[in-house]
Each structure stands twice: as C-alpha cells, then as structure tokens.
Amino acid sequence: MNLYRVTLRGMHIDLEVASIHGISYVVASGPDRAYDLVRADLNKRDIGLSKDRALQTVDLLAQNVEYPECGYRLRIEKE
C-alpha cells in the first residue's frame, strides 16, 4: 500500500465549513485507485461540481515497503 496526495482542480477553499475537499490523503494500492476512491466519495456525497472533481495531480508520498522508491516509508498499524 502507498500513501498518495490527490489534488483536484477545484474545492481548495471552503469558507463555510472549513473543509478542503480538493486535497485528500489516501492509502491505496496505486494512483488510479487513490483517485477513484476520492471521486467515488465526492460523487456519493454530491460535493462540488463535476469540473471541480476532475483530477489535477496524484503525488506518491510514502510506500509500505522496506526500501521505498519515493524515499519515505509508510508504516501501517496492524490490527
């Protein structure tokens, strides 16, 4: 599993509820899956316009492996 920062085209500022829906941190198996999780949640909750939900970037921040290619190791608590 990897930690990604998913940035959308819109929803970076929300003055009413102080939530920024346009930037999410997601643990997923790959970048496509990370965006799919964010998009599905926003669609289900009907947050933002379709154009605001469009993908801008997906950044790999950390990996759950001994020698991460991105340079940062993600540690996940085992249940």
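Begin by selecting Tyr 4, Val 6, Leu 8, Met 11, Val 26, Ala 28, Ala 34, Tyr 35, Val 38, Leu 42 and Ile 47, because these 11 residues make up the largest nonpolar core. As you look at them, keep in mind that this is a predicted model.

Now colour strand E1 (2–8), strand E2 (23–28) and helix H1 (31–45), each of which supplies at least two residues of the core you have just selected. Helix H1 gives the largest share of this core, namely 4 residues.

Stay with the core a little longer and pick out Val 38. Which residues does Val 38 touch, once its neighbours within four places in sequence are left aside? With those neighbours set aside, Val 38 is in contact with Val 6, Leu 8, Ser 24 and Val 26.

**The whole chain**

Next, clear the selection and show the whole protein as a cartoon, where you can find 1 helix and 3 strands. If you follow these elements from the N terminus on, they run in the order β-β-α-β. Turn the C-alpha trace about its principal axes, along which it spans about 40 × 25 × 20 Å. Of the 79 residues of the protein, 29% count as buried. If you display the surface, its accessible area comes to about 5,800 Å², and 49% of that belongs to carbon and sulfur atoms. Among the contacts with a separation of 6 or more, 54% are made by residues that stand 24 or more positions apart.

**Charged side chains**

Colour the charged side chains next, and you will have 11 positive and 12 negative ones, with the centres of the two sets lying 1 Å apart. Side chains of opposite charge can pair when their charged atoms come close. How many salt bridges does the count come to? The count comes to 3 salt bridges, and you can visit each of them in turn.

For one of them, select Arg 5 and Asp 59, whose side chains meet with 3.3 Å from N to O. This pair links distant parts of the chain, since Arg 5 is in strand E1 and Asp 59 is in strand E3, 54 residues apart. Arg 5 is partly exposed, with a relative accessible area of 27%, and Asp 59 is also partly exposed, with 26%.

Move on to helix H1 and select Arg 45 together with Asp 41, whose side chains meet in a salt bridge at 2.9 Å, N to O. Both residues lie in helix H1, 4 residues apart, which is about one turn of the helix. Arg 45 counts as partly exposed at 46% relative accessibility, and Asp 41 counts as partly exposed at 33%.

Then select Arg 53 and Asp 46, which form a salt bridge whose closest N and O atoms are 3.4 Å apart. Are these two residues buried or exposed? Arg 53 is buried, with a relative accessible area of 8%, whereas Asp 46 counts as exposed at 60%.

Keep Asp 46 selected and look at its backbone, for it has a positive phi of about 55 degrees although it is not a glycine. Asp 46 lies in the loop between H1 and strand E3 (55–63).

**A last stop**

Finally, go back to helix H1 and select Lys 44, which is found there. Lys 44 counts as exposed because its relative accessibility is 74%, and the cut-off for exposed is over 50%. Draw a distance from the C-alpha atom of Lys 44 to that of Gly 71, which lies 27 residues away along the chain, and you will find the two atoms separated by 34 Å.

Methods. Residues are numbered from 1 along each chain as its sequence is written. This is a predicted model: local features need pLDDT of at least 70, side-chain atom pairs count only at pLDDT 80 or more; totals for chains, interfaces and linings use all residues. Side-chain values use heavy atoms; hydrogens and water are left out. A nonpolar core is a set of buried Ala, Val, Leu, Ile, Met, Phe, Trp, Tyr and Cys residues joined through side-chain atoms within 4.5 Å. Buried means under 20% relative accessible area, exposed over 50%, partly exposed in between (1.4 Å probe, protein chains only). Contact means heavy atoms within 4.5 Å. Accessible areas come from the Shrake-Rupley method with a 1.4 Å probe; for residues, only the protein chains shown count as cover. Lys and Arg count as positive and Asp and Glu as negative; His and the chain ends are not counted. The place of a charge is taken as NZ of Lys, CZ of Arg, CG of Asp or CD of Glu. A salt bridge is a side-chain nitrogen of Lys or Arg within 4 Å of a carboxyl oxygen of Asp or Glu.
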